[in-house]
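This report describes the pockets, the cavities and some local features of one protein model. The sequence and the structure come first.

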Amino acid sequence: MTTTTPPDVRPDPPHLPVADPGEGSLAEFGYRQELHRSLGRYASFAAGFSFISVLTAVFQFFAFGYAFGGPVFFWAWPVVLVGQLLVAACFAELAARYPISGAIYQWSSRLSTPSFGWFAGWIMVTGQIVVVAAAALALQMVLPAIWSGFQLVGTDPALKSPDGAANAALLGLVLLVLTTLVNVLDNRLMSVINRVGVTAEIIGAVLIVVLLLTHSERTPSITFHTEGAAQHGLFGALLVGSFTAAYVMVGFDSAGEMSEETHNPRRTAPRTILTALGAAGLLGGLIVLGGILAAPSLTDGRLGVDGLSYVLTSSLGDGVGKALLADVVIAIAVATLAIQTAACRMLFSMARDGQLPFSERLARVNPRTGMPSAPALVVGVLAAALLLLNFASPEAFLAIGTTCIVMLYLAYAMVTGPLLVRRLRGEFSSAGTDETGARLFSLGRWGIPVNALALLYGLLMTINLAWPRAAVYDPAGGHWYFQWFTVLFLGVTVAVGVAFRAYRRRAATPAAAAAVAETATA
């Protein structure tokens, strides 16, 4: 459904035919069913888990976390997990009450104002596009380790080298072509790939945990050693080390993004949001711990450069190690697909309300495939453009990776903030039932403290990630724009959003005046 309403006006819900409980939930918000409702509970779980993609993110950022914090960086993991579980609990409540695509945009708009919600959606979808690019770059961490022939550019596979950075961009471009094609074809194919990929990832993650822990070279007490954190101080090392966990544990809201394609979304989405994050958090923490315990050496420098790929091939042997790395490749491909899908649904949801340029085209759903094709192409092209930064400089990888997480954390805070205000005013109800007649998921009396802690955690983590540390973002010096990349990118994103909305208001005023004049003379 495409609307032509002004930017801050929502259409009144029309009287639409209701075919099933899921469509009934959608009709009450003023939308008709266009996306194909074909996802069950496991597919909904897969949507959230594959965005998080514990194997993708841990293999991508383990080396960075260890390089800055040493073994003690492990303890940043449970802190981030607890903080994100607080956020996820708030999102689970909202997913039960607003089962609509474009979750962050829809939730923020309905909890605050349409203008505020628009900026939450704008920041979120921009961040998602950057995440797509960052996820695609992760192939460089595993493919050359499996076979040197995957190093198509130069000879040095390290992401921080010019050869590795350029090769990462090239491999990422190939992956983006494939994921864009799947996102255009059919949601059933996408769902099958997601389910199979997530199953393979979970099996692979469990095997990695078991094998690493059974090949331990040291005891867990090593995680209390702070030698590697001496350069930045213990607290500073943990703050930077938390980047690894922060990068992993986002995207659990994707189960809410896919609500319009899920059976019984009020009941299913809240549970899959929490289980996806909980499962990924547990498996990821054990993989990080296992990698530290099983590494052949903690002092030869390789763990802070090659990360877990080095641990698997060195500790488990080439055969087993490379087989597990192949599973990581599957996880990276499925994660890139899932993140791109979530970004497509956000674009579709905002365009359906007439809130984006070329809204009519972006909101168009292919009736045969049940997929909005134009958003998939837009996300694919923009993510590919970001990958080109990697050709310019190796530092682009970390700048891209951190920027996308800051954008998502800020968008999350733009939901938990208005939600807390509603709770304090007594305007957020825990009443209601899901499609089966059971009570909606609710935090009850724990709502205010959980919500307040979730908002505080999100804001502090956003500042921590965005802080322009030269030692992190420009260690070689001479690239001030990478040191400030996150702040600059966020500023440009907000500025573009302000400019677009100002243009929309100016364009809408003459049209509204003409409509009034036409009515007066009728």
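In this predicted model, the second largest pocket has a volume of about 460 Å³. Its lining is made of 19 residues, and those nearest the centre of the pocket are Trp122, Thr126, Ile129, Leu382 and Val496. Helices α6, α16 (373-392) and α21 each supply at least two residues of this lining. The greatest share comes from α21, which gives six residues. By class, 17 of the lining residues are nonpolar, two are polar and none is charged.

Threonine 126, one of the residues nearest the centre of the second largest pocket, is found in helix α6. Its relative accessibility is 13%, so threonine 126 counts as buried, the limit for that class being under 20%. Threonine 126 and serine 254 are 128 residues apart along the chain, and their C-alpha atoms are separated by 15 Å. Serine 254 is also among the residues that line the largest cavity.

The largest pocket holds about 680 Å³ of space. It is lined by 31 residues, of which Met141, Ala158, Leu159, Lys160 and Val305 are the closest to its centre. At least two lining residues come from each of α3, α7 (143-146), α13 (307-315), α17 (396-424) and α19 (470-473). The lining of the largest pocket divides into 18 nonpolar, nine polar and four charged residues, whereas that of the second largest pocket has no charged residues.

Closed spaces are also present. A search of the whole structure finds five cavities of 30 Å³ or more. Rolling a probe the size of a water molecule over the atoms shows where empty space is left. The volumes of the two largest pockets and the two largest cavities are set out below.

| Space | Volume |
|---|---|
| Largest pocket | about 680 Å³ |
| Second largest pocket | about 460 Å³ |
| Largest cavity | about 100 Å³ |
| Second largest cavity | about 80 Å³ |

The largest cavity is lined by Leu39, Ala43, Ala47, Met190, Ser191, Asn194, Ser254, Glu257, Met258, Ala338, Thr341 and Ala342. Helices α2 (41-52), α9 (187-214), α11 (254-257) and α14 (318-352) each contribute at least two of these residues. Seven of the lining residues are nonpolar, four are polar and one is charged.

Around the second largest cavity the lining consists of Phe51, Ile52, Ser53, Thr56, Ala57, Val131, Ala135, Tyr247, Val250, Ala335, Ile339 and Ile405. Two or more of them come from each of α2, α3 (54-69), α6 (114-137) and α14. The classes here are ten nonpolar, two polar and no charged residues. Helices α2 and α14 thus each supply at least two residues to the lining of the largest cavity and at least two to that of the second largest cavity. Helix α6 is represented by at least two residues in the lining of the second largest cavity and by at least two in that of the second largest pocket.

On the surface, Trp480, Tyr481, Trp484, Val487 and Leu488 make a nonpolar patch of about 510 Å². The elements that give two or more residues to this patch are α20 (480-483) and α21 (485-521). Valine 487 lies in helix α21 and is partly exposed, its relative accessible area being 39%. Helix α21 therefore takes part in both the nonpolar patch and the lining of the second largest pocket, with patch membership requiring over 30% relative accessible area.

Two loop residues have unusual backbone angles. Most residues other than glycine have a negative phi. Asparagine 264, which is not a glycine, has a positive phi of about 50 degrees. It is placed in the loop between α11 and α12 (265-294), and with a relative accessible area of 31% asparagine 264 is partly exposed. Phenylalanine 358 likewise has a positive phi, of about 55 degrees, without being a glycine. This residue is in the loop between α14 and α15 (359-362). At a relative accessible area of 70%, phenylalanine 358 is exposed.

A further contact in space concerns glycine 40, which lies in the loop between α1 (21-27) and α2. Glycine 40 is partly exposed, with a relative accessible area of 28%. It is 223 residues from histidine 263 in sequence, and the C-alpha atoms of the two are 5.8 Å apart.

Notes. Residues are numbered from 1 along each chain as its sequence is written. This is a predicted model: local features need pLDDT of at least 70, side-chain atom pairs count only at pLDDT 80 or more; totals for chains, interfaces and linings use all residues. Side-chain values use heavy atoms; hydrogens and water are left out. Patches are made of residues with over 30% relative accessible area and no salt bridge: like charges are joined within 9 Å, nonpolar side chains (Val, Leu, Ile, Met, Phe, Trp, Tyr) within 5 Å. Accessible areas come from the Shrake-Rupley method with a 1.4 Å probe; for residues, only the protein chains shown count as cover. A salt bridge is a side-chain nitrogen of Lys or Arg within 4 Å of a carboxyl oxygen of Asp or Glu. Helices (H or I, at least four residues) and strands (E, at least two) are DSSP runs, numbered from the N terminus. Buried means under 20% relative accessible area, exposed over 50%, partly exposed in between (1.4 Å probe, protein chains only). On a 1 Å grid over the protein atoms alone, a cavity is a set of points where a 1.4 Å probe fits but cannot get out, and a pocket is an open set with protein on both sides within 12 Å along at least five of seven lines; lining residues have an atom within 4 Å of a point. Grid points are joined across faces, edges and corners, and a volume is the space filled by probe spheres set on the points. Ala, Val, Leu, Ile, Met, Phe, Trp, Tyr, Cys and Pro count as nonpolar, Asp, Glu, Lys and Arg as charged, and the others, Gly among them, as polar.
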